[in-house]
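Here's a walk through some side-chain contacts and backbone oddities. Have the structure open and follow along.

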Amino acid sequence: MRGSRRKGRSSANPRQRLLHGWDWSDPRIELEELAPASRVLVTAGAGEVVAALADAGHRVTAVGANREQVEYARRRAAGGPFEPGAAERLFDLGRGMVRAASPAWSRRRMHQFLLVDDPLRAAATWKERLDNRTLASILRTMLGPAGALSALVLRDFSTPLPPHFDEAIRARIARALRKHAPSGNPYAWRLLLGEDLPGHAVPRVDPGAIDWVDEPLVEHLERVAPGAYDAISLSNVVDGADERWVRDLRKASVRAIVAGGPIIARSFATTMDDEAAKRARRDRAMLWGSIVVHR
């Protein structure tokens, strides 16, 4: 590490631990942007986006500085079982608090809700029963600047949540339900129930067909040959990163990608960029305020 400029969000926390066992990014967004058989660099994450892109015929390099997370992603892409990480434990904590205070959020009722195959009906049920005062109060308390969940997110992911994130996440769930019926949305099942959609499976690929790189993202981008990649997918590594690191990341990404290739970046923050907001609405994961594609 060469000084403070390497302190990006993804590398600011030196602990080697499993941060998330599920990916919270919908690979359909990447698949819409990639040309056939692209050479694509993607953050390793939980291996699900990596597997989806490789299964679609892209030549994938998966990068991450957290060795435990990268090894888990490799196992997951090869068909290994789900293992909960820090993110899933945080979601479990939040759901448990809401469930204890609101009968509408019982496991039985939530399971029934998630079987709804009509987006408009699901959105109406969310508004009338589930997005209630109890949920609003608990999220406001837990996700506010001094909230316990905000503190845990900052500790585990070095990511400060945006202001009014409690209101934003409720609105993003509502908009996703209007567009994507919960019965077929694996991210709705994960977020609202803590279980996988019945029958949903990560594409199983040969992990040997993927180039797994245990290295900080910017250092990797600076090391590879210019134009080494046709596309780059960064998840939300810029959330909470310092400005100098983000500038270094942008410069290294432009160097490492072919002219006109997409650089895809998600963020929890709300955006005034209409196209970035539209992509966030298409992502079934319900969490994102912005998905920017730089070319």
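## A buried salt bridge between two helices

In this predicted model, E48 and R76 pair up in a salt bridge, with the closest N and O atoms 3.1 Å apart. The two partners come from distant parts of the chain: E48 sits in helix α3 (residues 48-55) and R76 in helix α4 (residues 67-77), 28 residues apart. Neither side is out in the open, since E48 and R76 are both buried.

How many salt bridges does a search of the whole structure find? The count is 19, so there's plenty to browse, and a couple of others are worth a look.

## A local bridge in α4

Stay in helix α4 and you'll find E71 and R74, whose side chains meet in a salt bridge at 3.6 Å, N to O. They are 3 residues apart in the helix, which means about one helical turn separates them.

Are these two buried or exposed? Something in between: E71 has a relative accessible area of 34%, so it's partly exposed. R74 is partly exposed too, because its relative accessibility is 30%. The cut-offs behind those labels are under 20% for buried and over 50% for exposed.

## A buried bridge from loop to strand

Next up is D283 with R266, another salt bridge, this time at 3.1 Å from N to O. D283 lies in the loop between α14 (274-282) and β6 (290-294), while R266 belongs to strand β5 (residues 263-267), so the contact ties together parts that are 17 residues apart in sequence. D283 counts as buried because its relative accessibility is 2%, and R266 is buried as well, at 1%.

Some salt bridges also share partners: E48, R76, R190 and D196 are joined that way into one network. So the E48–R76 pair from the start of the tour turns up again as part of that network.

## Tryptophans and their neighbours

Now for the rings. The structure holds 6 aromatic pairs. One of them is W22 with W24, an edge-to-face pair measuring 6.1 Å centre to centre with 75° between the planes. Both tryptophans, W22 and W24, are buried.

How are the rings of W22 and F82 arranged? Their centres are 4.2 Å apart and their planes meet at 15°, so this pair is stacked; the cut-off for stacked is under 30 degrees. W22 lies in the loop between α1 (9-12) and α2 (27-33), and F82 in the loop between α4 and α5 (86-101), so the contact ties together parts that are 60 residues apart in sequence. W22 has a relative accessibility of 4% and therefore counts as buried, whereas F82 is partly exposed at 30%. Put the pieces together and W22, W24, F82 and F91 form one aromatic cluster.

## A positive patch on the surface

Which residues gather in a patch of positive charge on the surface? They are R108, R109, R121 and R129. Two helices are involved, α6 (107-114) and α7 (119-130), and each supplies at least two residues of the positive patch. R108 is found in α6 and counts as exposed, because its relative accessibility is 52%.

## A contact across the chain

E30 is in helix α2. With a relative accessible area of 2%, E30 is buried. Along the chain, E30 and I232 are 202 residues apart, yet their C-alpha atoms are separated by 9.2 Å.

## Two unusual backbone angles

Most residues other than glycine have a negative phi. That makes a couple of backbone spots worth clicking on.

A37 isn't a glycine, but its phi is positive, about 55°. You'll find A37 in the loop between α2 and β1 (39-43), where it is partly exposed with a relative accessible area of 39%.

M286 is another non-glycine with a positive phi, this one about 75°. It lies in the loop between α14 and β6, the loop that also holds D283. Is M286 buried or exposed? It counts as buried, because its relative accessibility is 2%.

Notes:
Residues numbered from 1 in each chain as written. Predicted model: local features only at pLDDT ≥ 70, side-chain atom pairs only at ≥ 80, totals over all residues. Heavy atoms only, no water. Salt bridge = Lys/Arg side-chain N within 4 Å of Asp/Glu carboxyl O. Helix = DSSP H or I, 4+ residues; strand = E, 2+ residues; numbered from the N terminus. Buried < 20%, exposed > 50% of the residue type's maximum accessible area, 1.4 Å probe, protein only. Phe/Tyr/Trp six-rings, centres within 6.5 Å; stacked < 30°, edge-to-face > 60°. Patch = residues over 30% accessible without salt bridge, like charges linked within 9 Å, V, L, I, M, F, W, Y side chains within 5 Å. Areas by Shrake-Rupley, 256 points an atom, 1.4 Å probe, with all protein chains shown as cover. Lys, Arg positive; Asp, Glu negative; His and termini not counted. Charge placed at Lys NZ, Arg CZ, Asp CG, Glu CD.
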